[in-house]
Amino acid sequence: MVKAISRRGFLAGTACLAASGSWANPPASSLRPQLRPTSVLRAAAGDPQALIDASKLSGMVSFAVADLASGELLETHLPQLSLPPASVAKILTALYALDILGAEHEFQTKLVANGPVTNGVLDGDLVLVGGGDPTLDTNALAEMAAELKRAGVREVRGRFLVYGGALPRVQTIDPEQPDSAGYSPAISGLALNFNRVHFEWKRGAQGWALSMDARSDKYRPDVSMARMRVVERQVPVYTYASTPEADVWTVASGALGKGGARWLPVRLPELYAGDVFRTFARAQGVVLKPANVTQVRPVGTEIVSNSSQKLVEIIRGMLKYSTNITAEMVGLSATAARGVTALSLRDSAAEMNRWAAEKLGIPGTALVDHSGLGADSRMLAAPLAKGLAVADRHSVLGPLLKQIEMRKPDGKPDMSHPVSVHAKTGTLNFVSALAGYMKGPDGRDLAFAIFCADEAARAQISRADRIRPKGARPWNRKAKALQQQLIERWGNLYGA
């Protein structure tokens, strides 16, 4: 088995050469150091295929590494093999949104009055208008309700409407995911708490006490549009049914234990936000009728407006926490800003694929969404590595990527490791990807992309088992270990 050599071993080997007899006599030529042939360095660093074989990782591996300054590809493995990128797709989404919308872009959520306000009475409808903010939370709605009162509105005689038509309506990011997967909620132009509702249960003498709420660090408003019922069974753990008024859930009694909590996806995002805002408005003395969804873009007077963080900070959070809904909403917003009408995530992703080829020179990208959650998404490692080098010339992406810890053999972080990595991870069942930037021991900057996937094993997983399928975790550990070995190899080969 061929192992990747460490920086210490590489430097020690060089020191041994310096002490050999051939260096003891006076030099016959200039003392200027001679570059070692790349083939010699590659042999010293080990064969990448040997590393792949030794990892015992099932499936396929494709990778590429490029010099950051020139964009030159230094090494590739199966460069024409197109594999699922998982959340590495968010790298393209980040660059796409920043290029089209701009780093300073802010999303606006508004309250619009469709009628005159006289002596504190709105003689018309009040509309909560979503502007595509993926980070809107319960605290923001509480503040908007307070602003409504400060604006002098104390009564609304018309309807209370909610509008999410700024973005296309999507029932779930990936229909192949289990209904209860909180990372695959609905999408619209109005989203609250990443379109997740908090379900909590406690066992008591009379059975279970259940709650469904939109909690934050300050508030815990109950919601009526998400409902839960305990059913005597062992499996399935959850069932879901949609009605025009509510997300209706059941949970298996055999899975509850004494108590617990989890976040469940919201499929009726406009009603969710409207439900919560109505609670806060009532607390301010403004009684609203139950929310109704409108498909008509509201026209009227803006009373209150809530601004999101700047896009660059939203992107930073998206890359750090890998939030799927954020990726989808900023991607859809960028496509709309390009003047393209997208009726689905696939339509919008196709536009982003075209942009990637035109702007970054990344051909062969076939994403079906902006988050990488969809199983049909594919990318090529070599074009992505070169594209990352192009993107770095604008100094946009690098500062937003999180540092990836290199680890010791015992799995603990190696704080003194000579290679530093800032990258985006991507993980699905039997899919592991990593792409970004690395700095070698000598300070040389490289861009890289590594895709690992066992698509045969992934295809055998039932829909119900996709949250924690058997064998996925040990496979993922092997993939991550291989990724570190490849990065260490490149550090020794090209950056030492």
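## Bridges and the E10-E9-E14 sheet

For two strands to count as paired here, DSSP has to find at least two bridges between them. Strand E9 (residues 196-204) and E14 clear that bar, with seven bridges joining the two in an antiparallel run. One of the matches is Glu 200, whose bridge partner in E14 is Ala 261. Keep in mind throughout that this is a predicted model.

Zooming out from that pair, E9 belongs to an open sheet of three strands, ordered E10-E9-E14, with antiparallel pairing. Strand E10 (207-213) and strand E14 (259-265) sit at the edges with a single partner strand each, so one side of each has no neighbour in the sheet. From one strand to the next, the twist averages 20°.

## The chain as a whole

The chain has 496 residues, and 50% of them are buried. Its secondary structure adds up to twelve helices and 20 strands. If you're sizing a box, the C-alpha trace spans about 100 × 50 × 35 Å along its principal axes.

What share of the contacts with a separation of 6 or more comes from residues 24 or more positions apart? Such pairs account for 69% of those contacts.

## The E11-E13-E12 sheet

Here's another open sheet of three strands, in the order E11-E13-E12, and its pairing is mixed. Which strands stand at its edges? Strand E11 (226-231) and strand E12 (238-242) do, each with a single partner strand, so each has one side left without a neighbour in the sheet. The twist from one strand to the next averages 20°.

The mix is easy to trace. E11 pairs with strand E13 (residues 247-252) in the parallel sense, over six bridges; Ala 226 stands opposite Asp 247 in E13, and Arg 227 faces Val 248 of E13 in the same sort of listing. E12 and E13, on the other hand, run antiparallel and are joined by five bridges. A hairpin of four residues links E12 to E13. Asp 247 turns up again here, as the bridge partner of Ser 242. As for exposure, E13 is mostly covered, with five of its six residues buried.

## Helices H5 and H6

A pair of packed helices is described by the angle between the axes and the distance between them. For helix H5 (residues 138-150) and helix H6 (residues 269-283), the axes come within 9 Å and cross at roughly 45°. Angles under 35 degrees would count as roughly parallel and 65 to 115 as roughly perpendicular, so H5 and H6 are oblique to each other. The crossing of H5 past H6 is right-handed.

On the H5 side, the contact is made by Thr 138, Leu 141, Ala 142, Met 144, Ala 145 and Leu 148, while H6 brings Ala 273, Val 276, Phe 277, Phe 280 and Ala 281. By type, these contact residues come to ten nonpolar, one polar and no charged.

## Ser 348 in H9

Ser 348 is part of helix H9 (residues 345-359). Is this serine, Ser 348, buried or exposed? Ser 348 counts as buried because its relative accessibility is 0%, and the cut-off for buried is under 20%.

Which residues does Ser 348 touch, leaving out those up to four places away in sequence? They are Gly 331, Leu 332, Thr 335, Ala 342 and His 370.

Technical notes
Residues numbered from 1 in each chain as written. Predicted model: local features only at pLDDT ≥ 70, side-chain atom pairs only at ≥ 80, totals over all residues. Heavy atoms only, no water. Axes fitted to C-alpha atoms, helices over the stretch in contact; angles between N-to-C directions. Parallel < 35°, antiparallel > 145°, perpendicular 65-115°, else oblique. Left-handed = near helix turned anticlockwise from the far one by under 90°. Contact = heavy atoms within 4.5 Å. Nonpolar A, V, L, I, M, F, W, Y, C, P; charged D, E, K, R; others polar. Buried < 20%, exposed > 50% of the residue type's maximum accessible area, 1.4 Å probe, protein only.
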